[in-house]
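Thanks for sending this one over. Please have the model open while you go through my comments.

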Amino acid sequence: MTKLTLEARMGGAWRMKAGQTVRVINPYGTQAVDAWALADDGAETGHGTCDYSSMEHTRSVNSSIYLDTGLAVMGMDRRPLFTMIEDSSPGHHDTQLCPCNGPLYADLDQPPEHRSCAGNFHDALSQIGLSMPFTPASLNLFMRVGVSPEGEILRELPVASPGDHVTLRADRDIILVLSACPQDVTPINGPDCVPREIELEFSEVQP
Ligand SMILES: [Zn+2]
């Protein structure tokens, strides 16, 4: 097993082989983690990029606006990229909201250098020599977003407990990208608006 810490406000990208798992541990229970996967098996979209995680297809295939245990994140080809095989938190991980980004922080009167999940996505890819020409929608682990009967999107406080975790299993060879959300203006990472670190435990690659 390989353990590492994803520092507060930062992102990372890791190659995972089919069958390999990663446990994403929320030490304080308050931290949202934006997640993406890129196909690392040669699958392409036909539009000049590798296949990548699609929240549209994920919601369509799962018939759910949330990701929960037993549900998979789909690529643009509607095939699973990874599956959530275990979850100690109350679940209902968000698939609706965009990753936080530069224009969002400009709207919140933050300086251009404020870190964002979108920026972390591209920084993480560049660190392993890759790039994407756009930012795909993210799976937002531990982020609590409800919908009212009238359709209003409700940004709620996190409900996970300290130490809660999810385990993700790669269903094919993928590049997993995670961002410890740097949102410190709104309380999506807890009422004190303090971004915190995340712990990761990667299983060994199966022979
Ligand atoms: Zn974010």
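My notes follow as numbered points, on the zinc site, the salt bridges and a surface patch.

1. Before anything else, a reminder that this is a predicted model. Please read each point below with that in mind.

2. Let's begin at the metal. Three sulfur donors hold the zinc ion, namely the SG atoms of Cys 100, Cys 117 and Cys 181, at 2.2 to 2.3 Å. Along the chain, these donors follow the spacing C-x16-C-x63-C. Cys 100 sits in the loop between strand E8 (93-94) and helix H2 (102-107), while Cys 117 belongs to helix H3 (residues 117-127), so this pair ties together parts that are 17 residues apart in sequence.

3. Are these two cysteines buried or exposed? Cys 100 is buried, at 6% relative accessible area. Cys 117 counts as buried as well, with a relative accessibility of 0%.

4. Turning to charge pairs, the structure has twelve salt bridges. One of them joins the side chains of Asp 41 and Arg 172, with an N to O distance of 3.8 Å. Asp 41 is in the loop between strand E4 (33-39) and helix H1 (55-62), and Arg 172 is in the loop between strand E12 (164-170) and strand E13 (174-180), so the contact ties together parts that are 131 residues apart in sequence.

5. The two partners of that bridge are worth a look one by one. Asp 41 counts as partly exposed, at 35% relative accessibility. Arg 172, at 4%, counts as buried because the cut-off for buried is under 20%.

6. Which residues make up the network around this pair? Salt bridges link Asp 41, Asp 51, Asp 77, Arg 79 and Arg 172. I would show this group together in a figure.

7. Two further bridges deserve a mention. Arg 169 pairs with Asp 171, their closest N and O atoms being 2.8 Å apart. Here Arg 169 is partly exposed at 31%, and Asp 171 is partly exposed at 26%. The other bridge is between Asp 123 and Arg 115, at 3.5 Å from N to O. Asp 123 has 36% relative accessibility and counts as partly exposed; Arg 115, at 29%, counts as partly exposed too.

8. Lastly, the surface. Ile 65, Val 147 and Ile 153 make a nonpolar patch of about 200 Å². Ile 65 is located in the loop between H1 and strand E5 (66-67), and its relative accessible area of 31% makes this residue partly exposed.

How values were computed:
Residues are numbered from 1 along each chain as its sequence is written. This is a predicted model: local features need pLDDT of at least 70, side-chain atom pairs count only at pLDDT 80 or more; totals for chains, interfaces and linings use all residues. Side-chain values use heavy atoms; hydrogens and water are left out. A salt bridge is a side-chain nitrogen of Lys or Arg within 4 Å of a carboxyl oxygen of Asp or Glu. Helices (H or I, at least four residues) and strands (E, at least two) are DSSP runs, numbered from the N terminus. Buried means under 20% relative accessible area, exposed over 50%, partly exposed in between (1.4 Å probe, protein chains only). Patches are made of residues with over 30% relative accessible area and no salt bridge: like charges are joined within 9 Å, nonpolar side chains (Val, Leu, Ile, Met, Phe, Trp, Tyr) within 5 Å. Accessible areas come from the Shrake-Rupley method with a 1.4 Å probe; for residues, only the protein chains shown count as cover. Donors are N, O and S atoms within 2.8 Å of the metal (3.2 Å for Na, K and Ca); water is not among the atoms, so sites may look incomplete.
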